[in-house]
Every structure is written in structure tokens, then in C-alpha cells.
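I opened a fresh page for this one. My notes below follow the order in which I looked things up.

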Amino acid sequence: MKTLLKKTASLLLTLLLTSFLVFLAFELIDGDPARTMLGDQATEQRVQALQAELGLDKPFFTRYIGWLGGFVTGDFGVSFSYRQPVWEILAPKLGPTAVTGALAFLLITVCGLPLGLFSAHWKHPAVLAVRTFFEQLIMAVPPFVLGIGLSWGFGVVLHAFTPGDFPALSEDPLGAVRYLFFAALALAVPRIAMTARMLRMSVSGELGRDYVRASMARGATRRQALTRHVLKNALPATVAFLAQTMAELVGSGVIVEQVFGVPGVGRLLVASIGNRDYPVVCTVIVMLAFFVLVSGALADAVNLMIDPGRRGGKSHA
Amino acid sequence: MRNRIAVRSGGRAGRVLLILGLVLTLSVLLFTLIGAFYTPYDPTEMNGLEKLSPPSLSHLFGTDKFGRDIFSRVMKGTLTTVSVALFTVALGGAAGSLLGAVAGYYGGAADAILMRLSDTLTAFPAMLPALLIISLLGPGKYHVVLALSLAFVPSFTRVSRAAFAGERQKPYVTAARLQGASDPRVLLLHMLPNTRRVLLPAVTIGFSNAVLAEAGMSYLGIGVTPPDASLGYMLSEAQGLLSAAPWYALACGGVLLVAVLGVGLLGEGLKHA
């Protein structure tokens, strides 16, 4: 209970720090968003009026506290460039991004984990060299380059989908999911290899330990030793890695959304950075940070379930 | 017995990978280096007669919609991408390793704070801080180097801290200190060579990440911008020409892939060598 409280407190503190840093970063941007929005021709009066309208005339800390208070109560402020509440702009973008991320994560776990277990048994040196080569090859594929490749292969050549023509999630859910599958695949492929490698390395590290030999000496088959003992010790590192994967999916998702023209959070973020629309950028970054931290906490929780003995100990990811 | 065999065969496989990695990396570096001084065509020269021509002997990677030679453009693009990545790793790696080394060597409260901070920061994908910083600075190759090196500092700090903290208690460090060696001397001359097994793979991983991050940001149009050529920016051009000139994307993506694969294999080989 105490650990949980401490963890939650440190999570909140990190979020607070992140939001402050992001807010500060935009404060340091040279431009004056009101002036940028109105263009060079605007009179001083109009600029000042807009500054007052957007609340930009108040001092930095007042604005930060105001924004933070709003954030906590679900009011994310008003976008500078769209002049609409941030939530109204952000809400429709969440679906495509969430679906892509979830699909990618599913692909990674469903393909990566069995592959890792399966390849842990290989021993022949030539096989090992070939395996490592292909592993490195697949890990080296940049998701957005693979995305362009998939657009070409499945879009231009096979006509399985029309790149750039994303069907709205609410109107054609099936078509949208089918479209997003290709984006998810582009995100997942290199990560599948990384996950398999991660699990394989921890499994083969454990397989050489004495307790495995002892268990097999007591009559357990290799398979039984693997499922009963080895996995329990090998999984935590992989679970922590999967949490990191969820975070990385956010990062590379930004680019892959651009490749496929998916109207998601990532594209909104890039566009808002360009527009200096900092209510939107702050909200998106803090939300992504929240997501990253929560997935880390989730991984810790899963690891505690796998092995309650780790409680209180430091996770060694 | 089984373990010993596994280790030995791992060593042989490691050597093969190391050599393959070296060959690939050196070819990319050579390609880059030649591109700095010589390209078969002027990469910006337009040729109305040879628009979108497929790969041939005179244009190895074909031409783009302005009739520019893609091979020459890829050479220039690789030069930008590789040099941005090298500078990023040099700056971010040096700063991060130094911070980590000092934290791991001295320990104490500064170490604790630094580690909490870098633990938190490494939880975020490097792309997010990089995007934020680049939005502060604006696009351009120097800004990309700065943004990426800053974004990469925490992960280098973490790796280097662990490596140096692991070495600190070893007898040779105590021996060196008893002989009166100064702290910088112990850190640089005695400990640094012994952390190479951890630091070198971290450098190779950092390099591939930097290549990918630069290409990604330039693809988004907020990284390296024209007139500087970059593989990422060229890929965004190539994407618009996928049905007319698929070889354009293939050439840029292929070079990117080989560069990342080469250093990946190198890192993997170094771990076992």
C-alpha cells in the first residue's frame, strides 16, 4: 500500500514537472502567437485585443496555474489556431491513434513472444548467425520507410487499400480498421523482432542456470521447466520492454500517421507545433506523457503479479 | 559443457556478424565520404529530357520528376543524414557519458537526483523531446543536431552510469587511486577502456536511433530542410511518386536500412567479440 502511494505520488510529480517544462518551452519560443495569428499587417490594438482574448497578457505563472487548473477539471483550454476548445479538436483524433497503437501492440505481443520462445532453443552456430542477421535486418527497418513500402505494395500494386484515403472510423469502422492495420503493421514489424530478441535473451540466460538443470533432474521435461520456472524469471524484463514499446509506438506513430495520412493525435501534434498552437501541444504532450508513465506503472503491476517476490525490490529492466 | 560450447559458437557467430557489420558500415561511410567530394551528376541539375527514367547504367537509381539523378541526390542525402547522426552521437554521447561517469563514480545525492531525472526522461520516446526542441529552434541541420543530442543525453547517462558504478568497486580502481592517480585520470585512462563493452554498443544503438530520428523529422518537414538534401526529406518526395517512380523510395529507404543494419550488426558483434 505504501509502495503504491509512493508510486502514485512520484507519477503525479513527474506529470506536473513535464507539463511545466512543456509550458515553459513554449514560453521561450520567440513568437508572440497573437501576432503570428494576425499576420504582419495587424495593428497594435488588434494584437493587444487578441492577447487579452487568449489570456496572453497575464504573467507566465498565472497562465500556467490557470491552465493546470483547467487541465485537472477537464478543460484543456482553447486552441489558438482553430479558436475551438482543445478537447473538441483532440477528441476525434484519439480513435484512429488508439486503434493503430492497440493493433500494433497486439501484433507485437502475438508474434514477438512466441518467436522469442521458439528461437531460444536454436544452437547451431550457423543458425545463430543467420538468426541474428535477420533479427538485426528486421530491427533496422524504419517504421515509416516500411509504411511507404506497404503503401506501395498493398496500395499501389495490390489495391488492398487506397493510401491517403482514410475512411472515417465512425462511418466505416471495418474499412477504417483495415486501413489502420497497415499502419500498425509498419509500426509493429521492427518491434516484433526486438521483443522476440529481448525474450530470447532472457530465456536463454535463464536456461543455463542450475535451477533448470535441477528441475529437469527431478524429471521435468524441458517444456515443463520452461513454463513453470524459466518464464517467471525471464518475463519481467520483457514486460518492462513492452511498456517501453508502448511509449515508442507513440513516438514512431507520429511519423507513421503522416505516412498513411491517418488523422490522428500525432499529425495534430506536428501541425500544432508548426502553428505554435501551444494549448494543443501542451495537452497532447502531457496526455502522451501520462500514457507513457501509466504503461510503465502497468508493467510494474504485471511483474508483481508474475512474481510477488519482487515486491519492494527494484525492477531491473 | 553445453554452456561452454554455446559461448564458443556464439563467439564465432559474433565474429561473422562483426565482419559483416564492419563491411556494411564502412561501405556506407565510404559512400558518404565520396559523396562529400564527388557525385556522378550535379544533384540539383534538372534535365527535362530524362524525367522519371527508371534505373539504368547512366542513372543507377533512375531520375526524379525534374530529371535529377537520384544516385547523386542519395549520396548527398546520406552525407547529411550520416553527419547529423555522427555529430548527435558525439555530442549527446559525450555529454551523457560524462554525466553518467561522474554520477556512477562519485555516487551520493547528485547521483540519486540525476538518475531519477534520467530514468524519468528515458521513459519517454526520444522523439517527443526532440520534436519539442525543434519546434523551439525551428528547422535546419544544426538545430536537428542540437535537438537530438539533447534528447539522447538521458539514455547515454543511464548506460554510462551503470557501467561506471559497476567498475568503481573493482580492485584495479582502488589500486590506481592508491597510487595517487587523480579522479579524471582514473575515470578516463583506467575505467573508460573497461566500460567499452557497454558503451560501444550504446554508441552504435545511439547512431542508428539518430539516423532514424533525423530521417523521421526531415520526413515530417521539420528537420533538415532544402536546399540541404536529407534521406528523410527525399523519402517524403519519393512517397508522392510511388506509382511513377518506386525506385526513388527504394533507393532512399534501402540506404537508410543498410546504414542502420550495418551499425546494428557492428554493435551486436562488439558485444560478443
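**Around α7 of chain A**

I started just past α7(A), where His159(A) follows the helix with a positive phi, near 55°. This is a predicted model, so I take every value here as computed from it.

Next I went back into the helix itself. How far apart should the ends of α7(A) be, at 1.5 Å a residue? I got 21 Å for its 15 residues, and the end C-alpha atoms lie 20 Å apart, which agrees.

I then listed which residues of α7(A) are buried: Pro143(A), Phe144(A), Val145(A), Gly147(A), Ile148(A), Leu150(A), Ser151(A), Gly153(A) and Gly155(A).

**Chain A as a whole**

I zoomed out. Chain A has 12 helices and zero strands, so I was not surprised to read its pattern as α-α-α-α-α-α-α-α-α-α-α-α. Its C-alpha atoms fill a box of roughly 85 × 55 × 35 Å along the principal axes. Of its 317 residues, 45% count as buried. I also checked contacts in chain A between residues at least 6 apart in sequence, and 72% of them join residues at least 24 apart.

**Where A meets B**

How many residues of each chain are in contact with the other? I noted 48 from chain A and 40 from chain B. The two chains bury about 3800 Å² between them, with 78% of that on carbon and sulfur atoms.

I looked for charged pairs and got a count of one salt bridge between the chains. It joins Arg197(A) to Glu268(B), with the closest N and O atoms 2.9 Å apart. For polar contacts, the rule finds three residue pairs across the interface, both residues being at pLDDT 80 or more.

Which helices of chain A supply at least two residues each to the side that touches chain B? I wrote down α1 (2-28), α6 (125-139), α7 (143-157), α10 (222-260), α11 (265-275) and α12 (278-306). So the helix I began with is on this list. α10(A) gives the most, with nine residues. By class, I have 32 nonpolar, 10 polar and six charged residues on this side of chain A.

**One residue in chain B**

My last stop was Thr195(B), in the loop between α7 (183-194) and α8 (196-220) of chain B. Is Thr195(B) buried or exposed? It is buried, because its relative accessible area is 1%, and the cut-off is under 20%. Its side chain reaches the backbone oxygen of Leu192(B) at 2.7 Å. Leaving out residues up to four places away in sequence, I found Thr195(B) touching Ala163(B), Phe164(B) and Glu167(B).

Note on methods:
Residues are numbered from 1 along each chain as its sequence is written. Chains are lettered from A and ligands numbered from 1 in the order in which they are written. This is a predicted model: local features need pLDDT of at least 70, side-chain atom pairs count only at pLDDT 80 or more; totals for chains, interfaces and linings use all residues. Side-chain values use heavy atoms; hydrogens and water are left out. Contact means heavy atoms within 4.5 Å. Buried area is the accessible area (1.4 Å probe) that two parts lose on being put together, summed over both. A salt bridge is a side-chain nitrogen of Lys or Arg within 4 Å of a carboxyl oxygen of Asp or Glu. A polar contact is a pair of N or O atoms within 3.5 Å; within protein, one must be able to donate a hydrogen and the other to accept it, and residues adjacent in sequence count only if both atoms are side-chain atoms. Helices (H or I, at least four residues) and strands (E, at least two) are DSSP runs, numbered from the N terminus. Ala, Val, Leu, Ile, Met, Phe, Trp, Tyr, Cys and Pro count as nonpolar, Asp, Glu, Lys and Arg as charged, and the others, Gly among them, as polar. Buried means under 20% relative accessible area, exposed over 50%, partly exposed in between (1.4 Å probe, protein chains only). The expected span of a helix is 1.5 Å times one less than its number of residues.
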